[in-house]
Amino acid sequence: MKVIHSPRFGQVHYAEEQVITFPQGLPGFETCTRYVLLPLDEQDEQPFYFLQSIEEGDLSFLVLNPLRFFPDYEVELSDAVVDKLQIEKPEDVSLFTTVTVRGSLHDATTNLKAPLVINVPKRLGKQVVVENKDYLLKQPLFVPENKQANAGQKG
């Protein structure tokens, strides 16, 4: 087992077969290409994960599987992305979106416009931009209770 020294998580042990390679890195972090996906909880019951760089211990992203929050979420991949990630069948793909938390988790947003596409068997990933105009860069994860209570009422 190898070890990452992370200020957030301390020592993180991982095996080479857990490493996901983003050959071009992620936008703004092009020099970091190798990551591991860490569940937020040890039982892996939460929808949230950390995408932890193994090259920079202080670099990690909070991510989630968008289908847990948005069951109708669909991403159409270009032939170039399919080729680059060596995708052979749709079942090989996992999608994750980055999460931004400002203040409370109930105010969290996720980026449905630019998901992380991962070929699980090949351990290859890429962030892609989706053309769907209904997908937002800052899609709220939770609808505030006061908006639910006021839904349908005229102001």
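F69 sits partly exposed, its relative accessible area coming to 23%. In this predicted model, F69 turns up in two aromatic pairs, so the ring makes a handy place to start. With F142, the ring centres are 5.6 Å apart and the planes stand at 80 degrees; that is over the 60 degrees needed, so the pair is edge-to-face. The partners come from distant parts of the chain: F69 belongs to the loop between β6 and α1, while F142 belongs to the loop between β11 (139-140) and α2 (145-150), 73 residues away. F142 is partly exposed as well, at 26% relative accessibility.

The other partner of F69 is F48, and here the geometry is tilted, with 6.0 Å from centre to centre and 55 degrees between the planes. F48 is part of strand β5 and F69 of the loop between β6 and α1 (79-84), so this pair ties together parts of the chain 21 residues apart in sequence. F48 has a relative accessibility of just 4% and counts as buried, whereas F69, at 23%, is partly exposed. The aromatic pairs come to nine by the rule used here. Elsewhere, F22, F29, Y35 and F61 gather into one aromatic cluster.

Y35 leads on to the nonpolar cores, since this residue is also listed in a second, separate core of 13 residues, which includes L26, Y49 and L116 too. The largest core has 26 residues, and the members that touch the most others are V36, Y73, V99 and L141. Several strands feed into this largest core: β2 (10-14), β4 (34-39), β5 (48-53), β6 (60-64) and β7 (93-100) supply at least two residues each. Leaving aside residues up to four places away in sequence, V36 touches I4, Y14, Q18, V19, F50, L51, Q52 and I54. As a general matter, nonpolar side chains in soluble globular proteins tend to be buried together.

Charged side chains give another set of links. Side chains of opposite charge can pair when their charged atoms come close. A search of the whole structure turns up four salt bridges. K2, E16 and R34 are joined in a network of these bridges. E16 meets K2 with an N to O distance of 3.0 Å, and this pair connects the loop between β2 and β3 (20-21) with strand β1 (residues 2-6), spanning 14 residues. In the bridge between R34 and E16, the closest N and O atoms are 2.7 Å apart. R34 lies in strand β4 and E16 in the loop between β2 and β3, so this bridge ties together parts 18 residues apart in sequence. As for accessibility, K2 is partly exposed at 41%, E16 is partly exposed at 34%, and R34 is partly exposed at 25%.

Another of the salt bridges pairs D134 with K133, at 3.8 Å from N to O. Both ends are exposed: D134 has a relative accessible area of 54%, and K133 reaches 71%.

A word on confidence: the mean pLDDT of the protein chain is 90, with 92% of its residues at 70 or more. The stretch to watch is residues 146-155, where pLDDT falls below 50 and the model shows one contact beyond near neighbours in sequence. Where pLDDT is low, predicted coordinates should not be read in detail.

Definitions and conventions
Residues are numbered from 1 along each chain as its sequence is written. Side-chain values use heavy atoms; hydrogens and water are left out. A nonpolar core is a set of buried Ala, Val, Leu, Ile, Met, Phe, Trp, Tyr and Cys residues joined through side-chain atoms within 4.5 Å. Buried means under 20% relative accessible area, exposed over 50%, partly exposed in between (1.4 Å probe, protein chains only). Helices (H or I, at least four residues) and strands (E, at least two) are DSSP runs, numbered from the N terminus. Contact means heavy atoms within 4.5 Å. Rings of Phe, Tyr and Trp (its six-membered ring) pair if their centres lie within 6.5 Å; planes under 30 degrees apart count as stacked, over 60 as edge-to-face and the rest as tilted. pLDDT is the predictor's confidence in each residue, from 0 to 100. A salt bridge is a side-chain nitrogen of Lys or Arg within 4 Å of a carboxyl oxygen of Asp or Glu.
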